[in-house]
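Q: I am new to this structure and would like to look closely at one part of it. Please start with the overall layout and then take your time over the details.
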Amino acid sequence: MSSGWSGLVKVVREWMRWRCHICGFDVIEGQRFGYLPGKGFIHIECLYDKLKELFPDGIPEDVLAAVEAEEIASYGIIRIKQVEYMVGDEYRDEVVRIRKKFEGASADAGKLIHKLLERYNVSIK
Ligand SMILES: [Zn+2]
């Protein structure tokens, strides 16, 4: 694969990375957000609004629990990024490894939300 192509993939990824699938606005550093498979990044607040729309009689407990997991992971990412800035250069890589685990947890929570929404036969457009 040529470096031109991988450069393009990187640009597309960067472009996709910071827009909320639901509201279309940028996801700004410090905001809580998650990632839904097949959809992309979403603000946690936008996700709640969308779920209220999809479940007018109340969001099911298990869906709320999965969003809670996403919210916790998302909060972890924000907090650990602050630690990244605070810690000295010598230990930054170790903190980055911790952040990657929170990001993995966030991705897993997104997968769980996705599975539950499929089970309830609703989908975020
Ligand atoms: Zn949004």
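How many helices and strands are there in the protein chain? And for a close look at helix α3, which of its residues are buried, and what covers them?

A: Happy to walk you through it! This is a predicted model, where local features need pLDDT of at least 70 and side-chain atom pairs count only at pLDDT 80 or more, while totals for chains, interfaces and linings use all residues. Residues are numbered from 1 along each chain as its sequence is written.

The protein chain has four helices and two strands (DSSP runs numbered from the N terminus: H or I of at least four residues for helices, E of at least two for strands). Starting at the N terminus, their order is α-β-β-α-α-α. Of the 125 residues in the protein chain, 18% are buried (20 or more other C-beta atoms within 10 Å of a residue's own; 12 or fewer is exposed, in between is partly exposed, with C-beta atoms placed from the backbone). Among the contacts in the protein chain with a separation of 6 or more, 53% join residues 24 or more positions apart (a contact puts two C-beta atoms, placed from the backbone, within 7 Å).

Now to α3 itself, which covers residues 61-86. This helix has 26 residues, and its first and last C-alpha atoms are 37 Å apart, close to the 38 Å expected at 1.5 Å a residue (1.5 Å times one less than the number of residues). The buried residues in α3 are Val-63, Ala-66, Val-67, Glu-70, Ala-73 and Ser-74. Their cover includes β1, α2 and α4, so let us visit these three in turn, as line-up partners of α3. 

Begin with α2, residues 44-54, whose axis comes within 11 Å of the α3 axis and crosses it at roughly 170° (axes are lines fitted to C-alpha atoms over the stretch in contact, with angles from 0 to 180 degrees between N-to-C directions). That crossing makes α2 roughly antiparallel to α3 (over 145 degrees; under 35 is roughly parallel, 65 to 115 roughly perpendicular and the rest oblique). On the α2 side, Ile-44, Leu-47, Tyr-48 and Leu-51 make the contact, and on the α3 side it is made by Val-63, Val-67, Glu-70, Glu-71 and Ser-74. By type, the residues of this contact are six nonpolar, one polar and two charged (Ala, Val, Leu, Ile, Met, Phe, Trp, Tyr, Cys and Pro are nonpolar, Asp, Glu, Lys and Arg charged, and the others, Gly among them, polar).

The loop between α2 and α3 holds Phe-55. Phe-55 counts as partly exposed because it has 15 C-beta neighbours inside 10 Å. Its C-alpha lies 9.6 Å from that of Tyr-120, although the two are 65 residues apart in sequence.

Next comes β1. This strand, residues 33-36, pairs with β2, residues 40-43, in the antiparallel sense over four bridges (pairing takes at least two DSSP bridges). Tyr-35 stands opposite Phe-41 in β2, and Leu-36 stands opposite Gly-40. The two strands form a hairpin with three residues between them, and Gly-38 in the turn has a positive phi of about 80°. Both faces of β1 are covered, with Phe-33 and Tyr-35 buried on one side and Gly-34 and Leu-36 buried on the other.

The remaining partner named here is α4, which spans residues 89-119. Its 31 residues should span 45 Å at 1.5 Å a residue, and the end C-alpha atoms are 46 Å apart, which agrees. In α4 the buried residues are Ser-106, Ala-109, Gly-110, Ile-113 and Leu-117, and they pack against β1 and α3.

Leu-112 is also found in α4. Leu-112 counts as partly exposed because 17 C-beta neighbours lie inside 10 Å. Apart from its neighbours within four places in sequence, Leu-112 is in contact with Ala-66 and Ala-69. The C-alpha atoms of Leu-112 and Pro-37 are separated by 9.6 Å, with their positions 75 residues apart along the chain.

Finally, look at the segment after α4, where Asn-121 has its place. Asn-121 has a positive phi of about 60° although it is not a glycine. With 6 C-beta neighbours inside 10 Å, Asn-121 counts as exposed.
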